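Thanks for coming. I will go through one structure today, one chain at a time and then the contact between the two.

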Amino acid sequence: MSGLRALVVEDSPTMRQLIVLALRKLPGLEVVEANDGVDALKTLASGKVDILLTDINMPIMDGLKLVKRVRSDSVHAAIPIVIITTEGADEDRSRALALGANAYITKPIQPAQVTAKVRELLKL
Amino acid sequence: MDRRRTLGPPVKPEDPSALQAEVERLQARCIELEQALAQAKVPATPSVGEADPAFEASLANLYCASYQLHATLDTREVLQVTLEILLNFLGAKTAAIFVRSREEDCLVPVTVTGLDPDYVQRPAMGQGRIGESCKRGHAVYDEHAAERGLDIDRPAACVPLRFEGEIVGAVVVWTFLRQKPNILDYDRELFDLLAAHLAPALAASVLFKRAGVKTLDYADLKELVS
């Protein structure tokens with residue numbers, strides 16, 4: 001794996017560190033971070049992103065709005081999106097997947113679960 | 001497995017509300033069983049070189065928790081980080097951090113999540129499950145809390161906080177998220193970390209603020225280490 005870039009969008013520094021720690025186990029995957037949806041859109045506009053992992057509940061712009069914005073943007077519409085959230089209800093999962101998320105992981109996470117999903121979506 | 005508990009009483013097909021309730025009960029039971037299965041799949045003694053996902057997850061949680069707890073000297077941030085640990089790493093849904101008031105000889109909730117703060121009492125030391133746990137200095141875990149739901153007098157976990165050999169507060173979790181309704185074995189390691197590290201982190205933040213220190217300088221340090 002080389003030259004791939006993952007964007008982690010999470011307002012909790014504690015959770016963000018855990019996800020980044022997990023992803024850094026994947027050789028060749030560069031990990032960039034954003035604090036909320038708006039911050040993520042700026043990062044998307046400024047460089048290549050191959051996969052996006054986002055929380056739902058965030059200030060300024062939440063994860064579902066971010067998914068909607070990314071899917072309606074012709075440049076980034078095909079980026080695989082993984083939702084990582086505390087929202088465990090079936091309707092939350094269905095809503096996120098209906099908006100275009102590719103996978104839905106509920107917290108608390110196991111790092112291996114996140115890396116396995118990233119490998120699967122990036123076909124590594 | 002208790003088959004009666006899994007199947008439940010028969011439901012009349014013509015009663016939609018009962019059917020809906022039955023569907024919700026079975027969904028909750030499925031989540032419980034998935035959790036139990038995930039735990040059962042973790043090998044007791046993984047062979048050398050074999051990754052143990054639960055153990056790896058526990059180590060990663062402990063690393064990030066201790067890193068973040070001690071990465072700030074701002075009291076609000078210490079409390080916020082602790083809530084993030086409770087929510088994101090332990091899957092807490094309703095929780096609070098209590099600090100002991102010597103003046104009132106009780107535990108005062110300083111931050112609450114998932115509940116109206118007015119709903120959370122100030123337990124006296126030695127009274128109720130929280131006060132008793134703190135007086136004795138022993139963490140209390142209730143394995144049946146998920147079945148019972150929210151009961152303010154019976155938390156799922158009450159972990160006394162230690163500072164210089166004294167109990168100065170507690171971390172209390174009443175309920176966990178539906179996808180992770182029970183305390184797992186590895187959660188106790190994280191609770192132990194909070195028991196030992198949260199109070200010193202809070203104390204450091206308070207002392208830092210009171211001392212008006214802006215940075216670390218050798219001149220301040222040399223008297224203390226020589």
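**The sheet in chain A**

Chain A holds an open sheet of five strands, paired in parallel, in the order 2-1-3-4-5. Keep in mind that this is a predicted model. Which strands stand at the edges? They are strand 2, residues 29-34, and strand 5, residues 103-106, of chain A. Each has a single partner strand, so one side of each is left without a neighbour in the sheet. From one strand to the next, the twist averages 20°.

Now take strand 1 of chain A, which covers residues 4-9. With strand 2 of chain A, strand 1 runs parallel, and six bridges join the two. In that pairing, Val8(A) stands opposite Glu33(A) of strand 2. To get from strand 1 to strand 2, the chain passes through helix 1 of chain A, residues 13-23. This β-α-β crossover is right-handed.

Strand 1 of chain A also pairs with strand 3 of chain A, residues 51-54, again in the parallel sense, over four bridges. Here Ala6(A) has Ile51(A) in strand 3 as its bridge partner.

**A helix in chain A**

Next is helix 3 of chain A, residues 63-71. Which of its residues are buried? They are Gly63(A), Leu64(A), Leu66(A), Val67(A) and Val70(A). Why do they line one face of the helix? Looking down the axis of helix 3 of chain A, the buried residues fall within an arc of 160°, so they line one face. The elements of chain A that cover these residues include strands 1, 3 and 4, the last being residues 81-85. Helix 2, residues 37-46, and helix 4, residues 90-99, of chain A are also among the covering elements.

**Chain B**

Chain B has eight helices and five strands. Starting at the N terminus, the elements of chain B follow the order α-α-α-α-β-β-α-β-α-β-β-α-α. Chain B has 226 residues, and 29% of them count as buried. Take the contacts in chain B between residues at least 6 apart in sequence: 56% of these join residues at least 24 apart.

**Where the chains touch**

How many residues does each chain give to the contact? Chain A gives 16 residues and chain B gives 21 residues. On the side of chain B that touches chain A, helix 3, residues 53-69, and helix 4, residues 75-89, of chain B each supply at least two residues. Helix 3 of chain B has the largest share of that side, with nine residues. By class, that side of chain B has twelve nonpolar, five polar and four charged residues.

Terms used:
Residues are numbered from 1 along each chain as its sequence is written. Chains are lettered from A and ligands numbered from 1 in the order in which they are written. This is a predicted model: local features need pLDDT of at least 70, side-chain atom pairs count only at pLDDT 80 or more; totals for chains, interfaces and linings use all residues. Two strands pair if DSSP finds at least two bridges between them. Axes are lines fitted to C-alpha atoms, for helices over the stretch in contact, and angles run from 0 to 180 degrees between N-to-C directions. A residue is buried if 20 or more other C-beta atoms lie within 10 Å of its own, exposed if 12 or fewer, and partly exposed in between; C-beta atoms are placed from the backbone. The arc is that of the directions from the helix axis to the C-beta atoms. Two residues are in contact if their C-beta atoms, placed from the backbone, lie within 7 Å. A crossover is right-handed if, with the strands pointing away from the viewer, the path from the first strand over the helix to the second runs clockwise. Ala, Val, Leu, Ile, Met, Phe, Trp, Tyr, Cys and Pro count as nonpolar, Asp, Glu, Lys and Arg as charged, and the others, Gly among them, as polar.
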